[in-house]
Amino acid sequence: MSIHSCIFHDFPLPDREYYAAAPMQWDEPAVSRLRRPAPSRRKPRRSPLPLLALLGLVLFAGGFLLGRAGAVSGGEAAGAAAGGGEPVRILAVPGAVRSEGEGNAPNSGEDWALLLVNGDHPLPKDFQVPAFTQLVNGHSIDKRAYPDLQRMMDACRADGLQPTICSSYRTWEKQEELFERKVQACLSTAASRQEAEEQAALWVARPGTSEHQAGLAVDIVDKSYQLLDEGQEDTAVQKWLMEHCAEYGFILRYPTEKSALTGVGYEPWHYRYVGVEAAGEIMRLGICLEEYLEEG
Ligand SMILES: [Zn+2]
């Protein structure tokens, strides 16, 4: 704890999160235009989708007729055309199946929302989220967790608050980049590369060990206070989320009193989707995901 605090003061803005560097429009709530993927009541106002879809179909059909069979990945072309204009779109990742057997053995094959990702249970490098929901601000999460995330954000805003998602799914490469950046920062004071890596790992998860790579975690801040430090817990948004997140299947994943078990310092902004049932029990009992899974 003291180590965390000390390092924390040296790095008031941990680059575990990269929201500050992202060219986002902070003048408006970044998530205010999130929409549910099934717009059953959507009005027929200007909607470029049918036109784009039609255009894609025509182009695809033309390409199919003119081109050679087998030389065209028509599905991708049509998908790209249809995915153009809408703020929220579902990105299917073809052939994405979790690796069998190795890595994450304790949970593989079980409830997808209870996937354990930590220093002892890294994701395999070929892990892929089966399908994403991409949010308007460039963020994306596992499609299966999206409806509950949207409900939570909607409910929070309905109470007059301004929650803002500042981090979500990350690729392996992105995590590697963040980790390496932190290692480089630590190298100036560390005695060796190994020591620098160990220091960096306190604040930036090593590639494969971040829940963000599983597409099941989001970092949410209060629009009025976007620093990722302990002051975040005093914001109205965090108070609301800590009280209500479980109703929507999310848990505060890294509470300060569980750092020894999670291996991660206090993060009063990191919410992990585990499903409503597990979230209710975890938050009610005041335990962490590691403890919940151990109890089976
Ligand atoms: Zn996070």
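This is a short tour of a zinc site, the strands beside it and one helix.

You're looking at a predicted model, where local features need pLDDT of at least 70, side-chain atom pairs count only at pLDDT 80 or more, and totals for chains, interfaces and linings use all residues. Residues are numbered from 1 along each chain as its sequence is written, and side-chain values use heavy atoms, with hydrogens and water left out.

**Stop 1: the zinc ion.** Select the zinc ion plus His212, Asp219 and His270: NE2 of His212, two OD contacts from Asp219 and ND1 of His270 lie 2.1 to 2.6 Å from the metal. These are its protein donors (N, O and S atoms within 2.8 Å of the metal, or 3.2 Å for Na, K and Ca; water is not among the atoms, so sites may look incomplete). The angles between the four donor atoms run from 54 to 153°, so the arrangement is irregular (four donors would count as tetrahedral if all angles lay between 85 and 135 degrees, or as square planar if opposite donors were over 155 degrees apart and all others between 65 and 115). Now click on His212 and Asp219: both are buried (under 20% relative accessible area, 1.4 Å probe, protein chains only).

**Stop 2: strand E7.** Select residues 270–273. Strands here are DSSP runs of at least two residues, numbered from the N terminus. His270 and Arg272 point one way, Tyr271 and Tyr273 the other. Add E5 (residues 217–222), which runs antiparallel to E7 and is joined to it by three bridges. Asp219 has His270 as its bridge partner.

**Stop 3: just past helix H4.** Finally, pick Gly160, which has a positive phi of about 85°.

Conventions: Tetrahedral: all angles 85-135°; square planar, octahedral: opposite > 155°, others 65-115°. Buried < 20%, exposed > 50% of the residue type's maximum accessible area, 1.4 Å probe, protein only. Helix = DSSP H or I, 4+ residues; strand = E, 2+ residues; numbered from the N terminus. Pairing = 2+ DSSP bridges.
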